[in-house]
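Colleague: Please take a close look at a single part of this predicted model, and then set that part against its surroundings. I would like one connected account, with the confidence values included.

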Amino acid sequence: MLGTFATLTVLTLFGAREGAPTPWLGLVVALIVGMVFCGVLNVLAERLAYRRLRNAPRLAPLISAIGVSFIYINIGLFWRGPAPVLYPDILPRFDFLAGIVGPQSLIRFGVRDLFVVGLAVPLMLGLAWVIKNTTMGKAMRAVAQDREMAVQLGIDVDRIISFTFLLGGMLAGAAALMYGLYNNNTNFVLGFTAGLKAFTAAVLGGVGNVTGAALGGFLLGVLGSLTVTYVGAGWENVGVFGILVLVLVFRPTGLLGEETPEGK
Amino acid sequence: MKIQEIGDHAPASDGRERRWMIAAVSLAVALVLPYLDMLFGLNLGLKLIPIGIFIILALGLNVVVGFAGLLDLGYAAFFAIGAYTAAFLTSPSSVLLQALGAKPIDFWPAMLLSTLVAALFGVVLGAPTLRLRGDYLAIVTLGFGEIVPLVIRNTPQWTRGVQGMNPIGTPSLGVYKFGFDFQAWYYLIIAVIIVSVVLTARLRDSRIGRAWAAIREDEVAAASMGVNPVSTKLFAFAMGASFSGFAGSIWAGYLQFIDPGQFDFSISVFVIVMIILGGMGNIYGVIAGGIILGGFDRILSGSVTDVLRGVGNLVGLEALQQADVSRARSLILGLALVILMLVRPEGLFPSARRRAELHAAEESAEEADQQRSTLYETQR
C-alpha cells in the first residue's frame, strides 16, 4: 500500500496523468524508488520492532507485526486520506491478440499484462538465483534451517535477516508498481488483504520454496478469478481464505512441500 | 492444597484479601458510576456500554489466548455470529422467522441460543485447525475472521447484507421493558461481567483450567501426562466463542442495528490489545486493559483532540488546530502493540505465572548471548 503511494508520487513527479504519454523513464525511476523505499522500510521495521523479539515467545513477533501493519495503515491514511486513490492509466493501450484473434476476442493481452509478466518473471528468476547461488542466499537458507548452527559457523545472523527483509520489501515495492498500473487505483487498507493473499500463496506452494510460491500465487490468482466469474464478485476473498484454511489443515507443507519447523 | 499453590493464585492470604478489596471497590465504583455521571454531568453515559461489551469480549478471548495460549485473531467473527443469531431470532425483518412463519422470540432465550451457536462455530472452526501451532493457527483464525463478515455482506437475501438488520428484540424483566433505557443496559452488562469473571476464574482453577495451562506451556509433556490436547483446546475455543456469542446478542439488542462493518479485523485486534495491555491470563488485568483502552478510544481521544486543538489555537500552529486523535486510532493501537511487545510483553498487570515464563525466556536468551560471545572469543 505504501509502495503504491510512493511509486504514484514518483510517477506524478514525472508528469504521469490520465491520457498523457507514457513516461518510460519515470516508470524505471518509480520502480527503483518503490523497491528501495519498501525495502528500507521493511529493514527499519525489522530493526525496530522484530529484532529484539527474536528470542521471545513465538507469538510476540506476530503481535508486533500486527502492530506495525496498523501503523502503516495509519500512515497511509494520513498520506492520502480514506478515499480510494486514482492511479493513472499510463501504459499504452495496445492489445497484442487483437491482430491475431480479432477485435471481438474475449481473451485480451495488452501492454499492461505484458508489463506485469515481463517484470514479475525476471524478478522471480532473480530471487531464485539469489537464494540458490549467492553466498547471501546460502547463508539465508542456513539461518532458516538452524539459526544456532548458523551462528556457530560464523554467519552474521542479524545481517542476513536484515538482507532478507530488504529483499522482501523490494519485491513488495515492485509488486506495488505493478498493482497500481494494472488496477489503476489504490487505497490505504490495500495491504492487509494483499499480505494475507501473499501469505496464502506462499503456504499453498510451500513455505521457503520460491517455485512453490510462484505456483501458489499463480493458482491463487486463477482461483480468485474463477470465483469472481462463477460465484460472484464479492466472493473472491472468501475463496482465497477458504483455500488458505484448507491448505493449512490438509497439507501444511504446501503443494510442492518444503519442511517447515511448524508444518505439523 | 499443593495444586492450588502451583495455580495462578497468590499463595499468601493477604494477597487474596487485597484482591477482594480491589474487586469490591471497583464493583462499588462501577455500580454508582451512572449516578456520578449524572451528578457531575460527565456525559459518559452511552460510551460506557460499548466499553462494557468489549470487556466481556476480552474476558472471553482471555480464555482462549491467556489460559490456553491459542492466538485467535478472528474473534470478531464469533462476535458477529452471536449478534446475527440474536438478530435472526428476534428481529421482525429476519428471513429465518419469515420462512418459518414464526414470531420473534424473547431476548433471553435468543441470548442463550446465540451463545450456543457461537460455541458451535467455535468447535466447527477449531476442530480442523487445532492441529496447527502458534502463528499458523493465528493466520487461519484471521482468515476465518475475514470470511464471516464477507459472507454476511454477500448474502443479502438472508442477512440483508450491508444494509444491516434492524430492529432487534430487546430484553424485558417481568413487565419492565429495556428499550433504550441506558441504566437497565448498563446494569445488565455489569451483571454479565460479574458472571463472566466468576465463570472464568472458576474455569481457570478447575481441572480443565490446569489442563489449559499445561497445554499452553508444553503440549507434548501435557499429552504424555494424559491430557487430551484436542478436546482441551476445543473446549477453550468453544468457551471463548460462547462469550462473544452473548456479548454479540447484547450488542445487537442495545444498538438495534447490526451490519457486517461492525465486525471487521480491527475489532479482533482491539480485543487482543486489551488482553495484552492488561496482562494475558490475568482476569483483573484484562478488565483493566479493557477499561484503559476502551476509555481511551471512546472517551479520552475526544478530550485529547480538544486539548491538542486548544494548544494549537494558543500557539497558532495549524497542524495542531486540525488535529484529530480519532483519526490516529490505528496508529495508536499499532504503536501500543509494538511498544508493549518490546518493553513489557507480559502486560501491565501480568499473572504471576506469565511473568515467570517470560522472564525465564529472557534469562535463557541472555545466557545464550553470553555463550555466543565466548564462542566468538575462542574463535579469535
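**One helix of chain A and its setting**

Modeller: In chain A, 64% of the contacts between residues at least 6 apart in sequence join residues that are at least 24 apart. The model is a predicted one, and the part I have chosen is helix H9 of chain A, residues 190–205, which holds Lys197(A). Before turning to that helix, it helps to have the chain in view: chain A contains 11 helices and two strands, arranged along the sequence as α-α-α-β-α-α-α-α-α-β-α-α-α. Of its 264 residues, 39% count as buried.

The length of the helix can be checked first. At 1.5 Å a residue, the 16 residues of H9(A) should span 22 Å, and since the C-alpha atoms at its ends are 23 Å apart, the two values agree. Its buried residues are Leu190(A), Gly191(A), Lys197(A), Thr200(A), Ala201(A), Ala202(A), Val203(A), Leu204(A) and Gly205(A). For reading such a list, it is useful that an α-helix has 3.6 residues a turn, so residues three or four places apart point the same way. Just after H9(A) comes Gly206(A), which takes a positive phi of about 125°.

Lys197(A) deserves a closer look, as a lysine among the buried residues of H9(A). It counts as buried because it has 21 C-beta neighbours inside 10 Å, where 20 or more are needed for that class. Leaving aside residues up to four places away in sequence, Lys197(A) touches Leu220(A) and Val240(A). The C-alpha atom of Lys197(A) is also separated by 8.6 Å from that of Leu244(A), although the two residues are 47 apart along the chain.

The next step outward is the domain arrangement. Chain A is divided into domain 1, residues 2–186, and domain 2, residues 189–264. Where these two domains meet, the contact takes 10 residues from domain 1 of chain A and seven residues from domain 2 of chain A. On the domain 1 side, helix H3 (59–80) and helix H5 (111–133) of chain A each supply at least two residues, and H5(A) gives the most, with four residues. By class, that side of domain 1 has seven nonpolar, three polar and no charged residues.

The nonpolar cores carry the picture across to chain B. The largest core has 158 residues, and within it Leu57(B) and Val271(B) touch the most other members. Both domain 1 and domain 2 of chain A give residues to this core, so it lies between them. Val271(B) touches Phe54(B), Leu57(B), Ala58(B), Leu61(B) and Tyr75(B), when residues up to four places away in sequence are not counted. Apart from the largest core lies another one, of seven residues, among them Val43(A), Ala139(A), Val143(A) and Ile161(A).

As for the pairing of the chains, 38 residues of chain B are in contact with 38 residues of chain A. On the chain B side, helix H6 (107–129), helix H7 (134–154), helix H13 (265–278), helix H16 (329–343) and helix H17 (352–379) each supply at least two residues, with the largest share, 14 residues, coming from H7(B). The residues of that side divide into 26 nonpolar, six polar and six charged.

A helix of chain B offers a parallel to H9(A). The 16 residues of H4(B) should likewise span 22 Å at 1.5 Å a residue, and the end C-alpha atoms are 23 Å apart, which agrees. In H4(B), 16 of the 16 residues are buried, so this helix is largely enclosed by the rest of the structure.

Finally, the confidence values bear on how this should be read. For the complex, the predictor gives an ipTM of 0.73 and a pTM of 0.78. Chain B averages a pLDDT of 77, with 82% of the residues scoring at least 70. Within chain B, confidence is highest in helix H4 (residues 75–90), at 89, and lowest in helix H1 (residues 2–6), at a mean of 44. The pLDDT stays under 50 over residues 1–12 of chain B, a stretch for which the model has 12 contacts beyond four places in sequence. It is also below 50 over residues 371–380 of chain B, where the model has two contacts beyond near neighbours in sequence.

Terms used:
Residues are numbered from 1 along each chain as its sequence is written. Chains are lettered from A and ligands numbered from 1 in the order in which they are written. This is a predicted model: local features need pLDDT of at least 70, side-chain atom pairs count only at pLDDT 80 or more; totals for chains, interfaces and linings use all residues. A residue is buried if 20 or more other C-beta atoms lie within 10 Å of its own, exposed if 12 or fewer, and partly exposed in between; C-beta atoms are placed from the backbone. Ala, Val, Leu, Ile, Met, Phe, Trp, Tyr, Cys and Pro count as nonpolar, Asp, Glu, Lys and Arg as charged, and the others, Gly among them, as polar. A nonpolar core is a set of buried Ala, Val, Leu, Ile, Met, Phe, Trp, Tyr and Cys residues joined through C-beta atoms within 7 Å. Domain bounds come from an automatic or database domain assignment. pLDDT is the predictor's confidence in each residue, from 0 to 100. The expected span of a helix is 1.5 Å times one less than its number of residues.
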